[in-house]
Amino acid sequence: MTSQSQGIQQLLQAEKRAKDKLEEAKKRKGKRLKQAKEEAMAEIDQYRLEKEKELRMKQSKVMGSQSNLAEEIEEQTLGKIRELSGRYKKHVESVMNQLLSMVYDLKPEIHPNYRPIN
């Protein structure tokens, strides 16, 4: 019986060592997963910061070009206003004279379709 009890003891010890090794392996796996997750989060944060920096650079480029565009449009508008004002000043007198002459120099005529009623 001693040999059987010794065999059972050895089996129980072997089972305990296997259980301990399995628990240790699970702990190592959990640590590796946790470390991998932390590394992935750090990599994601770094990638996010890089992309945000690129976005800010693109936005500043676009906003800068838009302000230049607004200045160009403003200059073009002022140029057109000056041009139209000059043309107005140049032609206002002759147009007013034409309008006044048309109003003052009326020649009353009977319309061709008019038929007197008798």
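In the predicted model, Arg28 and Glu24 are joined by a salt bridge in which the closest N and O atoms stand 3.1 Å apart. Both residues belong to helix α1, where four residues, or about one turn of the helix, separate Arg28 from Glu24. Neither partner of this pair is classed as buried: Arg28 is partly exposed at 44% relative accessibility, and Glu24 is likewise partly exposed, with a relative accessible area of 47%.

This pair is one of five salt bridges counted in the model. Another is formed by Lys16 with Asp20, with a distance of 3.7 Å between the closest N and O atoms. Because a side-chain nitrogen of Lys or Arg must lie within 4 Å of a carboxyl oxygen of Asp or Glu, the separation of 3.7 Å for Lys16 and Asp20 meets the criterion. Lys16 and Asp20 are both located in helix α1 and are four residues apart, about one turn of the helix. The two partners fall into separate accessibility classes, since exposed requires over 50% relative accessible area: Lys16, at 52%, is exposed, whereas Asp20, at 39%, is partly exposed.

A further salt bridge links the side chains of Glu83 and Arg87, with an N to O distance of 3.6 Å. Here too the residues lie in helix α1 with a spacing of four residues, about one turn of the helix. Glu83 has a relative accessibility of 40% and is therefore partly exposed; Arg87, at 48%, is also counted as partly exposed. In general, side chains of opposite charge can pair when their charged atoms come close.

Charged residues outside these pairs were also examined. Glu71, Glu72, Glu74 and Glu75 form a patch of negative charge on the surface. Membership of such a patch requires over 30% relative accessible area and no salt bridge, with like charges joined within 9 Å. One of the four, Glu75, is situated in helix α1, which spans residues 2–104. Glu75 has a relative accessibility of 58% and therefore counts as exposed; this value also satisfies the patch requirement of over 30%.

Helix α1 thus carries Glu75 of the negative patch as well as the salt-bridged pairs Arg28 and Glu24, Lys16 and Asp20, and Glu83 and Arg87.

Terms used:
Residues numbered from 1 in each chain as written. Predicted model: local features only at pLDDT ≥ 70, side-chain atom pairs only at ≥ 80, totals over all residues. Heavy atoms only, no water. Patch = residues over 30% accessible without salt bridge, like charges linked within 9 Å, V, L, I, M, F, W, Y side chains within 5 Å. Areas by Shrake-Rupley, 256 points an atom, 1.4 Å probe, with all protein chains shown as cover. Lys, Arg positive; Asp, Glu negative; His and termini not counted. Charge placed at Lys NZ, Arg CZ, Asp CG, Glu CD. Helix = DSSP H or I, 4+ residues; strand = E, 2+ residues; numbered from the N terminus. Buried < 20%, exposed > 50% of the residue type's maximum accessible area, 1.4 Å probe, protein only.
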